[in-house]
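Q: I would like a close look at one part of this protein, with enough of the surrounding fold to place it. Please take the sheet as the part to examine.

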Amino acid sequence: MTGPSSSGVPAVGTTFEPTRLTIIDADAVAAYAQASGDNNPIHLDEAAAKKAGLDGPIAHGMLMMGKLEAPVREWLPGWRITRLQVRFMRPLAVGGGLSVAGRVAKADTRGTSAHMILRLMLRDGDGNPLAVGEADLTDLREA
């Protein structure tokens with residue numbers, strides 16, 4: 001993390017270096033499909049994915065979003081995600097790696113608890129951008 005703050009709340013511009021997340025393999029995608037009920041064949045079937053114009057099966061977007069909580073909690077212990085929004089630019093191939101980096105876009109220490117907006121960048125294992133997002137966070141350390 002860069003950009004410390006005297007209040008204990010990260011300053012605007014504070015960055016969180018890329019954190020490698022798990023490789024999202026076919027077993028993880030199949031388990032997610034079963035748990036979520038999203039059995040769209042582009043996630044599970046090579047032929048269906050190719051017929052849809054993809055190189056092969058792709059990971060579920062919500063599965064990738066679910067992987068974001070752990071690094072945010074590691075970067076900011078005691079903070080809670082109250083809203084998460086992600087815009088996908090391209091799909092992640094099944095078997096692909098995933099990493100996330102962050103930057104504080106807004107910090108508000110007025111009121112009874114601190115709030116911040118954390119901008120997120122998801123990249124595949126080769127460093128290519130996959131998605132951008134925002135997480136609204138509330139500081140629970142004083143609560």
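A: What follows describes the sheet, then one buried residue outside it, and then the protein as a whole. The model is a predicted one, and its secondary structure comes to five helices and five strands, which run from the N terminus in the order β-α-α-α-α-α-β-β-β-β.

The five strands form an open, antiparallel sheet in the order β1-β3-β4-β5-β2. Because β1 (15–24) and β2 (79–88) stand at the edges, each with a single partner strand, one side of each has no neighbour in the sheet. On average, and with direction ignored, neighbouring strands here are turned by 25° against each other. Strand β4 (residues 115–124) pairs with strand β5 (residues 129–139) in the antiparallel sense over nine bridges, and Met121 has Val132 in β5 as its bridge partner.

Away from the strands, His60 lies in the loop between α3 (46–51) and α4 (61–66). With a relative accessible area of 1%, His60 falls under the 20% cut-off and is therefore buried. The side chain of His60 reaches the backbone oxygen of Asp38 at 3.1 Å, and, leaving aside neighbours within four places in sequence, His60 is in contact with Val29, Tyr32, Ala33, Asp38 and His43.

For the protein as a whole, buried residues make up 36% of the 143 residues, while the C-alpha trace spans about 55 × 30 × 20 Å along its principal axes. Of the contacts with a separation of 6 or more, 63% are between residues 24 or more positions apart. The protein exposes about 8000 Å², of which carbon and sulfur atoms supply 51%.

Notes:
Residues numbered from 1 in each chain as written. Predicted model: local features only at pLDDT ≥ 70, side-chain atom pairs only at ≥ 80, totals over all residues. Heavy atoms only, no water. Helix = DSSP H or I, 4+ residues; strand = E, 2+ residues; numbered from the N terminus. Buried < 20%, exposed > 50% of the residue type's maximum accessible area, 1.4 Å probe, protein only. Polar contact = N/O pair within 3.5 Å; in protein donor to acceptor, adjacent residues only side chain to side chain. Contact = heavy atoms within 4.5 Å. Pairing = 2+ DSSP bridges. Axes fitted to C-alpha atoms, helices over the stretch in contact; angles between N-to-C directions. Areas by Shrake-Rupley, 256 points an atom, 1.4 Å probe, with all protein chains shown as cover.
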